[in-house]
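Q: I am new to this one and would like to start with a single part. Please take me through it closely, step by step.

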Amino acid sequence: MSVSSSRSAPSRILRIGVVGFGNFAQFLAKTMIRQGHVLRATSRTDYSELCAHLGILFFRDADRFLEAENDVVLICTSILSLPEVFQSMPLHRLKRPTLFVDVLSVKEYPRNVLLQVLPEEFDVLCTHPMFGPESGKNGWKDLTFMYDRVRIRDETICSSFIQIFESEGCRMLEMSCEEHDKEAARSQFVTHTIGRILSEMEIQSTSINTEGFEALVQLKENTVKDSFDLFSGLFVHNRFAQQELENLELAFKKVKQKLLEKMNEEKD
Ligand SMILES: NC(=O)c1ccc[n+]([C@@H]2O[C@H](COP(=O)([O-])OP(=O)(O)OC[C@H]3O[C@@H](n4cnc5c(N)ncnc54)[C@H](OP(=O)(O)O)[C@@H]3O)[C@@H](O)[C@H]2O)c1
């Protein structure tokens, strides 16, 4: 694992083809466009109007999207839909070796899929911006950008892509996909799970909120803004998540047990 905040990589204007133009892709696209990169997009839903507004060429047709000479194909689809998305992608339409980058919130799974479906001469960069439309709404400075150069030959394109995040002041963190998934199961997955539990409990702000409770209400609200597909993908496609769910359950039982024991002691 290595952390850096600046790297002297050559920056160049990239033609970035975004696959999956949902919530997170739209958020990333705004900064990429502001930096001068040329974006194209394709998605299951028709985003022609939104894209026209943002100055992005939108392709309904996957063939034409892939023929559009992208330097980078950026995969922003949900974790669960990744195989389906690749099945419907006519990769033979690509005119030359291209850098594929993904931003999925789990990392071993897309790395394995990309290595399996892409021809050997295509580069693969797996990334996870550890922020979203809410936490990154006032800029990306000091927010973490995790990446793993899984298979890189064209350093210029790869460095220019990484530079998008570096130049916004992100905390750049190079780590393996495996290490990411271990840590994310213990941190992000647990956070989302607790947020979902609080949402099931329908917790609401009260007139006597403590700061701690205020933080829980905020956590609940932020968690449910993400789709259930995203949350379940964190579990289904991170092999370390199941253990963390069991740890959480066990911890809950232990705390409950301690409270009941105390109650019984008091009664005696
Ligand atoms: N939200 C965040 O803060 C955040 C942060 C870091 C990384 N990420 C990652 O970024 C990716 C996108 O996240 P998100 O927040 O936008 O929400 P998401 O629910 O995880 O993904 C929505 C995207 O997936 C596409 N999609 C879903 N089901 C599909 C299917 N069956 N076939 C084809 N496309 C399908 C949607 O396409 P349509 O819009 O065309 O329906 C949309 O582009 C995810 O992999 C997520 O893990 C998200």
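A: Leu-66, Glu-69, Asn-70, Leu-94, Lys-95, Arg-96 and Thr-98 line the largest cavity (a set of points on a 1 Å grid over the protein atoms alone where a 1.4 Å probe fits but cannot get out; lining residues have an atom within 4 Å of a point). This is a predicted model, so local features need pLDDT of at least 70 and side-chain atom pairs pLDDT 80 or more, while totals for chains, interfaces and linings use all residues. Residues are numbered from 1 along each chain as its sequence is written, and side-chain values use heavy atoms, without hydrogens or water.

Now for our close look: strand 3, residues 38-42 (strands are DSSP E runs of at least two residues, helices H or I runs of at least four, numbered from the N terminus). Because 4 of its 5 residues are buried, strand 3 is largely enclosed by the rest of the structure (buried is under 20% relative accessible area with a 1.4 Å probe, protein chains only).

Strand 3 pairs with strand 2, residues 15-19, in the parallel sense over 5 bridges (pairing takes at least two DSSP bridges). Here Ala-41 is the bridge partner of Val-18. Between these strands the chain passes through helix 1, residues 23-34, in a right-handed β-α-β crossover (clockwise from first strand over helix to second, with the strands pointing away from the viewer).

Strand 3 also runs parallel to strand 4, residues 57-58, and 2 bridges join them. Ala-41 turns up again here, opposite Phe-58 of strand 4. Helix 2, residues 48-54, completes a right-handed β-α-β unit with strand 3 and strand 4.

Definitions and conventions: Buried means under 20% relative accessible area, exposed over 50%, partly exposed in between (1.4 Å probe, protein chains only). On a 1 Å grid over the protein atoms alone, a cavity is a set of points where a 1.4 Å probe fits but cannot get out, and a pocket is an open set with protein on both sides within 12 Å along at least five of seven lines; lining residues have an atom within 4 Å of a point.
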